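User: Could you walk me through one part of this protein in detail? I'm new to reading structures, so plain language would help a lot.

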Amino acid sequence: MLNTPIEYLKGVGPQRADWLRDELGISTYEDLLSLYPNRYIDRSRFYKIAEINPIQAEIQLVGQITSVGIFGQKKTKRLVARLEDETGSIDLVWFKKFDVVRVFLKKDIPLMIFGRANTFQGRIQMAHPEVENLEDYRTKPPIPLHPVYPTTEKLQKRGVNNRLMVKLFQELIEELKDQIEEIFPQEMLDEYQLMDKKEALVQMHFPSALEVFSKAQYRLKFEELFFLQLTILMRKKDHQKVWTGYAFTRVGKHFYRFYREFLPFFLTDAQKRVLKEIRHDLGQPIQMNRLVQGDVGSGKTIVALMSMLVALDNGFQSCLMAPTEVLATQHHYALRKLLGPMGIQSSLLTGSTTQLARKQLRYGMESGVISILVGTHALIEEPMHFQNLGLAVIDEQHRFGVAQRAKLWKKNKKPPHVLIMTATPIPRTLAMTIYGHLDISVINELPAGRKPVKTVHRYENARLEIFGFLKNQIAQGRQAYIVYPLIEESEKINYQDLMEGYESISRAFPLPEYRVGILHGRMKSSDKEAEMRRFTRGETQIMVATTVIEVGVDVPNASVMLIESAERFGLSQLHQLRGRVGRGAAQSYCILMTSDKLSDEAYKRIQVMGRTHDGFEIAEEDLKLRGPGDLMGTRQSGILDLRIADLSKDVQIMGQARQAAVKLLEKDPELSTPDNQTIRNTFIKYHQKKIAWSKIG
């Protein structure tokens, strides 16, 4: 019956069915049942007119009509009725259907009035309220918590308003009352204190009390997140069955020699723990799929390097794929500096690599002479195969598409182990969904001796003071970044901002005392590399740049990050940019420069940046401010298409739902026992709707 087309529900019919399908995507009884209210109005209380506050939501009044009249002409014509109670009076206003409305406006009898109050010319009024005889109202009072359903302007114009939607839901629940079956076994209902499914749906649409409503909401959120987690866990289990991997059974001379003789600093406890987790995975004959999260400067690259040495000790090659040439080049130089003394050859492949060099690289990789290849997208686009690729390290994987990563596996006989690194802290709820099919390691310590970056907010009128501070830092031998936003949607405008900014900075910091560099995405690769090299060597003191320097750029001598128009950046991006300084022993500073006029959300972002350096706290705040869809960019193949759960608020429920799914699969991996048949059937149905999951990897 849940699959019954919506036109067969009493009160709908073919035309309304078309409207509901087009505007809200409702085709069946089940679709309508899953359209939960946006909010609820408390209809249990009557207000006195003297208590009205115009910023309140809808309210109920009881009073008597003392006068009725039509005012204005043509477009301004309106029907106005004066309602009074013992505490005062209010005007009720209608702009259409005057004849229909006047029938209800009987004088000298108590009326129930329901609507939203507002002020007009200093007087409180209520436009288009509901009006009902108080005696009639009391014979059939409304639900105490009155549901308000999502709608559209088109539906409202066609008469599909909230009053009709409430009637449709009452009809629907009456028809389905014996058709809604419980999905979960009694054991799970008891363990997680879940309300019965049928009761939860009734209470969700027509709550009898706030406490009961909370339990219904919890039950339905739990169910939605449970099937989300079950899908992720089943995919992970299937992946481990299908994708066998190379077992790296030994840790040998390359790893131990590097650890004892060439490691430039002591590993933190967090780095040691993550390395142990990676080594365990690499030792299994199952493809590793591990995500390493670590705040900026936490030492992820050294962990990746030591993992590549384990691959080398077992006779396998490794590759490291980075999203930009600047970052790939920097990784290459870092690896060459660390591995060169050991005689281990690493090479670089980017879009600007010459044809002759590409031929040499192809030979080196196919013959096994090159042990480690660092590259950008060119690494997967080049017609080249590895002799035996055992480990693929992907830096900032969200910058690469699924199809691009899949190409990498095809360059080898078996898919390599995969180690993904990200300096973008991932909120716990997103880690359990978007990256739920991966094993996750967290490097949550910074190397010893690092000082927190001091973050300050300054308005445009403080520019001269800030330039003075920059000159003082440069006089002490330090360097600075000045970052401008460059946003695709208005690239020309922002490119102009950058160039004007560069000219302004060059005037404020003139030759020969100062040298200013510039770095942006429109430059040739060779020019970008040359600018970055000059800055790294200290030949330029100021780098004017776009967010091309957001990820991975490492210049320990840079102590100031000045972010222009900081209100135009997201929290995670601001945190990434701040992470470009504070990488040396000197005190570093991040200056957030904004215009005087800030939106509430922009002001909150700036405040968060000043309050904390914890990337995970910042990521959670970003999730609350921007929502999961925005954080992930495009909504990843419907992965976050949740009807009732909210990833920014329901972390605890998500954890319990995941725990329940894990327990279930431990006891019944194939969902084959009689108790779990309804879960199995619902899972199959859910999975059919979420076909796009198979595209996530």
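User: Which residues in α21 meet which residues in α22?

Analyst: Happy to take a close look, and keep in mind that this is a predicted model. On the α21 side you'll find Leu571, Leu574, His575 and Arg578, and these meet Arg605, Val608 and Met609 in α22. Sorted by class, the residues of this contact are 4 nonpolar, 1 polar and 2 charged.

Now for how the two helices sit against each other. Helix α21 covers residues 571-578 and helix α22 covers residues 600-611. Their axes come within 10 Å and cross at roughly 35 degrees. If you turn the model to look at the crossing of α21 and α22, its hand is right-handed.

What about the surroundings of α21? Of its 8 residues, 7 are buried, so α21 is largely enclosed by the rest of the structure. The buried ones are Leu571, Ser572, Leu574, His575, Gln576, Leu577 and Arg578. Notice that Leu571, Leu574, His575 and Arg578 turn up again here as buried residues, after appearing in the contact with α22.

It helps to set this against the whole chain. There are 25 helices and 22 strands, and 52% of the 697 residues count as buried. Take the contacts between residues with a separation of 6 or more: 74% of them join residues 24 or more positions apart.

Other helix pairs make useful comparisons. Start with α11 (residues 269-282) and α12 (residues 300-313), which pack at an angle of about 30 degrees with their axes 10 Å apart. That angle makes α11 roughly parallel to α12. The crossing of α11 and α12 is right-handed. From α11, the residues taking part are Gln271, Val274, Leu275, Ile278, Arg279 and Leu282, while α12 brings in Ile302, Val303, Met306, Ser307 and Val310. By class, that contact has 8 nonpolar, 2 polar and 1 charged residues.

Next come α13 (residues 325-339) and α20 (residues 525-536), whose axes come within 10 Å and cross at roughly 55 degrees. These two helices are therefore oblique to each other. Here, too, α13 passes α20 in a right-handed crossing. Glu325, Val326, Thr329 and Tyr333 in α13 meet Ser525, Lys528, Glu529, Met532 and Arg533 in α20. The class split for this contact is 3 nonpolar, 2 polar and 4 charged.

While you're around α13, have a look at serine 346 in strand β12, which spans residues 346-349. Serine 346 counts as buried because its relative accessibility is 10%. Apart from its neighbours within four places in sequence, serine 346 is in contact with His332, Leu335, Arg336 and Ile372.

Ring-to-ring pairs are another thing to hunt for. The whole structure holds 17 aromatic pairs. In one of them, tyrosine 149 and phenylalanine 169 have ring centres 4.1 Å apart and planes at 10 degrees, so that pair is stacked. This pair links distant parts of the chain: tyrosine 149 is in the loop between β9 (145-148) and α5 (153-157), and phenylalanine 169 is in helix α6 (residues 162-176), 20 residues apart. Both partners are tucked away, since tyrosine 149 counts as buried at 4% relative accessibility and phenylalanine 169 counts as buried at 0%.

Phenylalanine 222 and phenylalanine 226 also form a stacked pair, at 6.4 Å centre to centre with 10 degrees between the planes. They are 4 residues apart in helix α9 (residues 210-242), so about one helical turn separates them. Phenylalanine 222 is buried, with a relative accessible area of 0%, and phenylalanine 226 is buried with a value of 0% as well. These two belong to a cluster, where ring pairs link Phe184, Tyr192, Tyr218, Phe222, Phe226 and Phe227.

One last stop: arginine 658 in helix α24 (residues 651-667). Arginine 658 is 436 residues from phenylalanine 222 in sequence, yet their C-alpha atoms are 9.4 Å apart in space. Arginine 658 is buried too, with a relative accessible area of 18%, and the cut-off for buried is under 20%.

Back to where you began: α21 has 7 of its 8 residues buried, and Leu571, Leu574, His575 and Arg578 are its residues that meet α22.

Note on methods
Residues numbered from 1 in each chain as written. Predicted model: local features only at pLDDT ≥ 70, side-chain atom pairs only at ≥ 80, totals over all residues. Heavy atoms only, no water. Buried < 20%, exposed > 50% of the residue type's maximum accessible area, 1.4 Å probe, protein only. Contact = heavy atoms within 4.5 Å. Axes fitted to C-alpha atoms, helices over the stretch in contact; angles between N-to-C directions. Parallel < 35°, antiparallel > 145°, perpendicular 65-115°, else oblique. Left-handed = near helix turned anticlockwise from the far one by under 90°. Nonpolar A, V, L, I, M, F, W, Y, C, P; charged D, E, K, R; others polar. Phe/Tyr/Trp six-rings, centres within 6.5 Å; stacked < 30°, edge-to-face > 60°.
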